Amino acid sequence: MPHLSLYRKFRPDTFDKMVRQEHVVRILKNQITGGSVGHAYLFCGPRGTGKTSIARIFARAVNCEQPREGSPCGVCGTCRALAEGSLDVTEIDAASNNGVNEMRELREKVQYPPVSGRYKVYIIDEVHMLTDSAFNALLKTLEEPPAHAVFVLATTEPQKIPATILSRCMRLDFKLIPEEDLEAHLKRILDEIGKPYEEAAVAAIARAGAGSDRDMLSIAEMCIAYSEKLTYASVNEVLGAADFRETGALVSALLNADGGEALSLTEKILAEGKSVGVLCKDILRFLNQVAVAKTCKNAEKLLFLPKDLFRAVSSVAEQSEGAAILRATEIFARLEPELRYATSPRICLETAVLRTATPAAELSMDALLVRVSELEKKLAAAGAGALLSAPAPKKESKPSRAPERELPPPPEEDDAFAFPPAEPVYFDEPYPPQEEPVRREKSVPRPAPALKAAPISEPDPFSANQTAPVAASGGKESAEVAFGRFIKALRKTSRNGVLFTMCADLVASYEGEKLVLETESETIFRSLSREDHRAIMQSAFALAGVAEFEVRKKGADAPKERDGIEQLKRDFSGYPVEVK
């Protein structure tokens, strides 16, 4: 006996054996039992969802002498004749018979009565492939067919069918089959043929089927022939997917902004012979699993992975931020369709890997959010370490004023955005230290220490009434010192991490009494010029003791106010003009 593929061997022959599509089955059953069979049907939907199978069952059911709940009995003379092959059911492949001559021939044959049954059923598969002339030849027959003729048109692209044809058919839309039903169907088949299997392997094959029962069975047939037992590892080998743990390590490096490690793992996986397109799909699939593990409480049930693989996914999810997962998913989702037309798909993939792993190279809002999240992690760890290592405060025997504490050394480059101290700090020297530090004016009152039971009340170092530190020469403080006080005040008063990151890259300088902040980025300049951001900055500058400030784009023209003052001096050269 010749070998039959699984999807042919286990093709359903009654409505009860269909996998889902209950809405279509119910309509057809009711029409058959009620004797109200239509003359033209249009079955449309994704491939492998049962359109042709239901059309064949329907063709036998309308001719069955004793249908059982709308399904063909399979034992009557008509059912046996149709099973052996009869002229009463004709299948036409419109992909290869799409000309006007074939439709004219069909129009002539449809006039002859059925041989053994009550109806002559014409099943036209992939009907959207017919030419315009063929559709016109079929149109009149569909409009006024003989009483014994029933047409069943099947297609995956109903939008290509003329409206004149659509309006003459009863349209039934087929849906993709859920993975749970695909798994149950595959398990029944494996049990029937006596093939041992792992639950995770069946789930992987069902996911690869992507809602198509025929695609799932085609993949399952390859996996069955690959090994004696159907395992998760053998399914991955058949599908050509990269090793799960290698893909997990690559995704972990991407989400943790480790560009060197991510690029090395990409080169290693591609060197093993994996396709660029398959690796892109594997990364997207793993990112999706990480997102599910990050957000869903029942992630283990939804993903249905082996326990060790689920632990690997959970570990990556716990170490990653939601913004980083979303940004990486969007980058690789845009890459997948681009690979179809790329002349150098490998370079495109590596570029996407580098873009994902280096958010500092982008000025987009998503990249800034990822950078802020990483900074907050480092700052939280640094703040926790500082609190644990902070010495206990010493008691003074004669506390005539609040104790003065020594300023900690300047932060390193990686810790430039450290949190301000948990308690107020008094400075006897300006920060950063000047060559000749000057003592704070004695006229500023210092609160005396309270009793033992009461906490010490100290003034806010960022208060506008506080005297700002001055330069060693006796003049006003430098722009760097004023900007440093502003950054600390902004970190203390505002929870807007994006605003803090944008302000940290500004260059400060004095222009008269005004503190000028410059940036080379047009995006940052427009963002800081918004009213809400300017109000937050105004409050922080007030706490830092800066009365007037301005944000400029580097290289822009001089402000209009300066031009106006110069024009006044020229117009009234005989009068003294004083700018206050």
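Tutor: A pocket is an open set of points on a 1 Å grid over the protein atoms alone, where a 1.4 Å probe fits, with protein on both sides within 12 Å along at least five of seven lines; lining residues have an atom within 4 Å of a point. This is a predicted model, in which local features need pLDDT of at least 70 and side-chain atom pairs 80 or more, while totals for chains, interfaces and linings use all residues. Residues are numbered from 1 along each chain, and side-chain values use heavy atoms, without hydrogens and water.

Student: Which element provides the largest share of the lining of the second largest pocket?

Tutor: The second largest pocket has a volume (the space filled by probe spheres set on the points, which are joined across faces, edges and corners) of about 570 Å³. Among its 20 lining residues, those closest to the centre are Leu239, Ala241, Lys281, Asp282 and Arg285. Two or more lining residues come from each of α9 (199-209), α11 (232-239), α12 (244-255) and α14 (276-295). The largest share, eight residues, belongs to α14.

Student: Is Ser71 buried or exposed?

Tutor: Ser71 is placed in the loop between α3 (51-63) and α4 (77-84). Leaving aside residues up to four places away in sequence, Ser71 touches (heavy atoms within 4.5 Å) Thr14, Phe15, Asp16, Lys29 and Ala61. A polar atom of the Ser71 side chain lies 3.3 Å from the backbone nitrogen of Phe15. Because its relative accessible area is 3% and the limit is under 20% (1.4 Å probe, protein chains only), Ser71 is buried.

Key:
Helix = DSSP H or I, 4+ residues; strand = E, 2+ residues; numbered from the N terminus. Buried < 20%, exposed > 50% of the residue type's maximum accessible area, 1.4 Å probe, protein only. Polar contact = N/O pair within 3.5 Å; in protein donor to acceptor, adjacent residues only side chain to side chain.
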